[in-house]
Amino acid sequence: IGTVTADNGGATLPNIRVIAFRYVTGPNSSYWQQVKDVFSISGGSYSIGGLPTGTYRLRFTDDSGTYAPEHHDNQIEFDNATGITLAPAGTVSNNASLAIASRIQGTVTDEGGLSGLSGVTVFAYRFNGSGIWNSVNSTSTNGNGIYDLGGLTPGDYRIYFFVPSGLKQSEYYDDTTDFGSASIIPVGSAATLTNYDASLAEAGLIEGTITDSSGTGIPNINVYVYRWNASGFYWEYISNGYTEGNGTYVVGGLPTGTYRVGTYDNSGIYPERY
């Protein structure tokens with residue numbers, strides 16, 4: 001149980017999601033398992049009940065993106081969170097005070113900046129200081145192509161613009177399809193960074209038909225594509241699609257490059273092929 005407030009003795013905060021993770025040990029591995037989540041209510045109070053004994057970590061996050069997420073006790077990274085030991089029939093009190101979140105804002109347009117693109121998903125990846133970029137938050141552009149990516153803590157970020165329809169080419173900021181070449185964006189405390197814009201080119205498409213030996217189209221075949229990553233010297237998974245009832249498929253959203261195509265039948269009737 002506890003109360004969630006804004007930093008520095010600020011107001012109590014309702015509608016903050018409180019997530020409990022329990023440490024689970026097994027014969028082959030040990031891991032932190034998400035077991036329950038609740039929202040703080042009026043007055044900022046929360047209560048997570050029905051928990052078995054064990055060691056827990058708590059995460060506090062504001063789905064609106066106004067306040068920055070943190071882990072008990074006042075830690076950004078999950079691995080640095082303080083463990084909470086819960087005894088049989090025990091009750092532990094843990095309060096949290098959340099800082100104002102940082103934000104990255106911008107506009108996504110078509111190539112040449114002529115028209116804003118709606119429905120583009122913008123992902124934020126944060127460097128954890130130990131060689132890993134974690135996906136920490138996402139949002140979508142509005143009808144004018146404007147996005148507001150909140151809920152960010154201080155750190156170094158990369159952002160990715162993904163077009164679910166596949167009609168435009170997804171890319172990382174600034175104008176690259178390679179994550180390793182994406183610009184690093186330093187973000188400070190309670191900062192609002194503006195004009196992180198993107199202009200997305202028309203996407204490439206790979207299309208075709210999958211048939212059986214008699215020439216009849218096969219539906220529901222998973223068609224996936226890999227693109228040659230020249231900087232890393234490996235084949236990188238890019239996207240996938242499924243065949244229609246007549247066996248035709250279209251995989252869109254593809255940047256320029258050299259590709260390989262594979263097929264996989266989830267039913268197991270047809271073998272995987274490239």
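So, let's start at D73, which sits in the loop between β6 and β7. By strands I mean DSSP runs of E at least two residues long, numbered from the N terminus, with helices being runs of H or I of at least four. The bond leading into D73 is a cis peptide, from H72, with omega about 5°.

Before I go on, a word on what we're looking at. This is a predicted model, where local features need pLDDT of at least 70 and side-chain atom pairs count only at pLDDT 80 or more, while totals for chains, interfaces and linings use all residues. Residues are numbered from 1 along each chain as its sequence is written, and side-chain values use heavy atoms, with hydrogens and water left out.

Okay, back to the backbone. There's another cis peptide bond, from Y173 to D174, with omega near 10°. D174 is in the loop between β14 and β15 (185-187). That loop also holds D175, which has a positive phi of about 65° although it isn't a glycine. D175 counts as exposed, at 56% relative accessibility. For the cut-offs: buried is under 20% relative accessible area, exposed is over 50%, and partly exposed is in between, using a 1.4 Å probe and protein chains only. F233 has a positive phi too, about 60°, and isn't a glycine either. You'll find F233 in the loop between β19 and β20, exposed at 63% relative accessibility.

Since we've reached those strands, let's do the sheet. It's an open sheet of three strands, in the order β20-β19-β22, with antiparallel pairing. β20 (234-242) and β22 (259-265) are the edge strands with a single partner each, so one side of each has no neighbour in the sheet. From one strand to the next, the twist averages 25°; the angles come from lines fitted to C-alpha atoms, for helices over the stretch in contact, and run from 0 to 180 degrees between N-to-C directions. As a reminder, strands of a sheet pair through backbone hydrogen bonds, either parallel or antiparallel. Here β19 (residues 221-229) and β20 pair over eight bridges, in the antiparallel sense; two strands pair if DSSP finds at least two bridges between them. If you want one bridge to click on, Y224 has N240 in β20 as its partner.

Just ahead of β19, in the loop that follows β18 (204-209), is D212. What does D212 touch, leaving aside its neighbours within four places in sequence? That would be I218 and Y270, with contact meaning heavy atoms within 4.5 Å. Its side chain also makes a polar contact with the side chain of S214, at 2.7 Å. A polar contact is a pair of N or O atoms within 3.5 Å; within protein, one must be able to donate a hydrogen and the other to accept it, and residues adjacent in sequence count only if both atoms are side-chain atoms. D212 is partly exposed, with a relative accessible area of 23%.

Now the charges. Side chains of opposite charge can pair when their charged atoms come close. A search of the whole structure finds five salt bridges, each being a side-chain nitrogen of Lys or Arg within 4 Å of a carboxyl oxygen of Asp or Glu. One of them joins R17 and D37, with the closest N and O atoms 2.8 Å apart. R17 is in strand β2 (residues 17-25) and D37 in strand β3 (residues 30-39), 20 residues apart. Those two also belong to a salt-bridge network with D63.

Then there's E77 with R126, at 2.3 Å, N to O. E77 is in the loop between β6 and β7 (84-86) and R126 in strand β10 (residues 121-127), so this pair ties together parts 49 residues apart in sequence. Both E77 and R126 are buried. E202 and K168 meet as well, at 2.4 Å, N to O. In that pair E202 is exposed, at 53% relative accessible area, whereas K168 is buried, at 15%.

Last one: which side chain of opposite charge is nearest to E70? It's R59, 10 Å away, and E70 is buried yet has no salt bridge. Lys and Arg count as positive here and Asp and Glu as negative, with His and the chain ends not counted. E70 is in strand β6 (residues 70-71). Not counting residues up to four places away in sequence, E70 touches several residues, including L58, F60 and L98.
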